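Colleague: I am new to reading models, and I would love a slow, close look at one part of this one. Could you walk me through it step by step?

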Amino acid sequence: MGKSKPRNRTKNRTNPTAKPIADPELAAIRDQRILPVLKDLQSPDLKTRSAAARAITNLVEDQKSRKLLLREQIVRVLFEQTLTDSSLETRTDGWGILRNLTVEEEPDFCIHLYRQDVLTAIDGVIKTIVQTIESQDVPLAKLPAAQQQILWSLTSSIISLVASLAEAQEEIAEAISNNSTIITFLFGLLAFSTPSHIQNEVLACLTILTEDNHLLDQQIVEGDWLKGLLRIKDAETIDSVAACGVLHNVFVTMKWFDHNTPVEGASDATLIPTLVKYMEHSRPQKNGTNGHSQTSSPDQVLQLALEITASIATSLQEALEHGSKNEAEFEGFEESVNGDIEDLDIKDIDEDEEFKDEGSGDEMNQDEIDAEMEMVLGDDSDEEESSGEEATLGLLVRLVAPQLLSLARPTQDTNDPVQEHALSALNNISWTISSIDFSTGHLRSLQKSWAITTQNIWNEIISPVLASNTADIELASSITSLAWAVARSVKGSIKTKPEEQRKFMALYQASKSLNGASDGQTKAEDETDAFQGLGVKCIGVLGSLAMDPAPVELNREIGIFLLTTLSALPDVPAADTVEALNQLFDIYADKSYSFDEPVFWGDNFSKHLEDIQPKAKKLAKSIDKRKFGELRARADEAILNLGRFLVYKRKERKEKREDFD
């Protein structure tokens, strides 16, 4: 049984416990604006209350005024009086104020509202809206335009408020998902002939609600709501893109991939044509749009299409790893090409030992993996004979990537959000493709298409930015991340322009001064994610460019750079150290590479790595595993693999000499 609320003796008063305001400016705002308008909001006169509510709606947009309103308990006044006002217009303004507060304030404010039982109040107002819409006595279409406008304004505020609440906390999102009144209301609006901006707001709200929400997503696929979303997606309206966002969330949660969906056409592959069609026919608006417009601007919809595309590319990795849930799962793709190195069982890393294969007998063999991949990716052996509905990966490569390329090209506008989103989507596609093993040959035509695209990406996006010597660190970081993904996905086949590798070397040196720390470990620890730093990205790009079949001279220059970087240990960030070592393992993993003998052995890389080994061990031990568990674990793994790598290379060369003799 809930506790009874204490009698409110401060009704119609300002906050008696609030401390005096020391700031003269804030004190003046409070006395001249806040207290008078709050008094009017509680006036017995309807017109006065209505005018006050509209005034507060505007005041909320100003941070100082908003904080003062909260200080004077505006939320209490809204709950106790405004949201239960006799006038629908005033109640609508009250919900608008509450909606604006949730938009402007931090998530903690939404959590506070939830604890104040705001969902119950929302339930009540939804029933009022539904009764008005479904009224047989006074049909909605016959209501005066002003009343219809009030109704849709109230509806908009409720939808936005629900979205903000759901985004603030998983517990709240779950409570909303369990509230049949709210969920039925949202989907009912999609089925009803509502204004376009209401439909768009509902879809935006559902996009938030359906993310990683098995409870709600299960409800959607079990009822008729899925069919409704698919109809909106296929309608070729501005809402089609937003519907793709909701559907993508549902497909990911339900693990419905290309060949693992109980409903025909219910996978990300069917969303891509809709997204691409919007990209084709919507170019960025250079003059901008009115931020107060009720409907989404073309640029906003285009950005949404790009965000969904980026998410599809990311979730595709999970699809590739799991395949059909009716098939046995395999352990995913190796992150490095030196599988032989990681399988070694070395008792003494300073002596040649016999190698033992640690592979488990339960792992899938290559034939089983190939069959699994075909299930997920479809038969791509003959491009001309491919089926009409291609798997997600093929669509991303052949349809999406060319569109993203045109949107991601450098422009005069250094703060172009469309370009930023296009770069992100290209980056995600590239990273996903970089994890695919094309050596089996069954994706040969797709590999060829991607190789052409990657060279175009390099020539048209990466090279121009490198040539501009941009001082924009965010752009440099985005371009470097894309360059790493692109180069990694084609394993050293990118044809670079002269000196471009040195641009990344110079950028790496510049990255070391960004956080101003001199101690290598401190630099790594100061980063939210040490392995997402610009320095790590530069090392990743260079290592990928040096991979076979890179030219020997390019390989030598990059290899020397990586060794020189590591020679500065321990004054090197731990994440940079780990990445540099891993790149060296990958670059020189096979004796058959053209640069193995002239560079690795000819330039005595083995001896340099032996000298680096004790310094790297010292750095790893200096990382506090209690505070930085992942960083320490990856550093320890790199050190272990360094020892294995050196033994492996010595044994490999010995075998090569024996074969030669």
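Let me start with one residue: is Phe-585 buried or exposed, and why? Please go on from there to the helices and rings that belong to the same picture.

Modeller: Happy to! Keep in mind that this is a predicted model. Phe-585 counts as buried because its relative accessible area is 2%, and the cut-off for that word is under 20%.

Now for its partner. Phe-645 is buried as well, because its relative accessibility is 0%. To see how the two rings sit together, it helps to know what to look for. A pair of aromatic rings is described by the distance of the centres and the angle of the planes. A search of the whole structure finds 13 aromatic pairs. One of them joins Tyr-508 and Phe-561, with 5.8 Å from centre to centre and 90 degrees between the planes, which is an edge-to-face arrangement. Tyr-508 belongs to helix α23 and Phe-561 to helix α26, so this pair links distant parts of the chain, 53 residues apart. Both Tyr-508 and Phe-561 are buried. Phe-585 and Phe-645 also form an aromatic pair, but a tilted one: the centres are 5.1 Å apart and the planes make an angle of 40 degrees. Because Phe-585 lies in helix α27 and Phe-645 in helix α30 (residues 629-660), the pair ties together parts that are 60 residues apart in sequence.

Let us widen the view around your residue. Phe-585 and Phe-645 belong to one aromatic cluster, together with Tyr-588, Tyr-593, Phe-595, Phe-600, Trp-601 and Phe-605. If you look at Phe-600 in that cluster, you will find Lys-649 over the face of its ring, at 4.9 Å from the ring centre. Another charged residue over a ring is Arg-634, which lies over the face of Phe-531 at 3.7 Å from the ring centre.

Next, follow Phe-561 back to its helix. Two packed helices are described by the angle between their axes and the distance between the axes. Helices α25 and α26 pack at an angle of about 145 degrees, and their axes are 9 Å apart. Their crossing is left-handed. On the α25 side, the contact is made by Ile-539, Leu-542, Gly-543 and Leu-545, while α26 brings Leu-554, Ile-558, Phe-561 and Leu-562. In this contact of α25 with α26, seven residues are nonpolar, one is polar and none is charged. So Phe-561 appears twice in our tour: in the ring pair with Tyr-508 and in the contact between the two helices, with Gly counted among the polar residues.

Finally, have a look at the loops on either side of α26. In the loop between α25 (534-545) and α26 (552-567) you will find Pro-549. The peptide bond that leads into Pro-549 from Asp-548 is cis, with omega near 15 degrees. Beyond α26, the loop that runs to α27 (574-587) holds Pro-570. Here too the bond is cis: Leu-569 and Pro-570 are joined with omega at about 10 degrees. And α27 brings us back to where you began, since Phe-585 lies in that helix.

Technical notes. Residues numbered from 1 in each chain as written. Predicted model: local features only at pLDDT ≥ 70, side-chain atom pairs only at ≥ 80, totals over all residues. Heavy atoms only, no water. Helix = DSSP H or I, 4+ residues; strand = E, 2+ residues; numbered from the N terminus. Phe/Tyr/Trp six-rings, centres within 6.5 Å; stacked < 30°, edge-to-face > 60°. Buried < 20%, exposed > 50% of the residue type's maximum accessible area, 1.4 Å probe, protein only. Lys NZ or Arg CZ within 6 Å of the ring centre and 35° of its normal. Axes fitted to C-alpha atoms, helices over the stretch in contact; angles between N-to-C directions. Left-handed = near helix turned anticlockwise from the far one by under 90°. Contact = heavy atoms within 4.5 Å.
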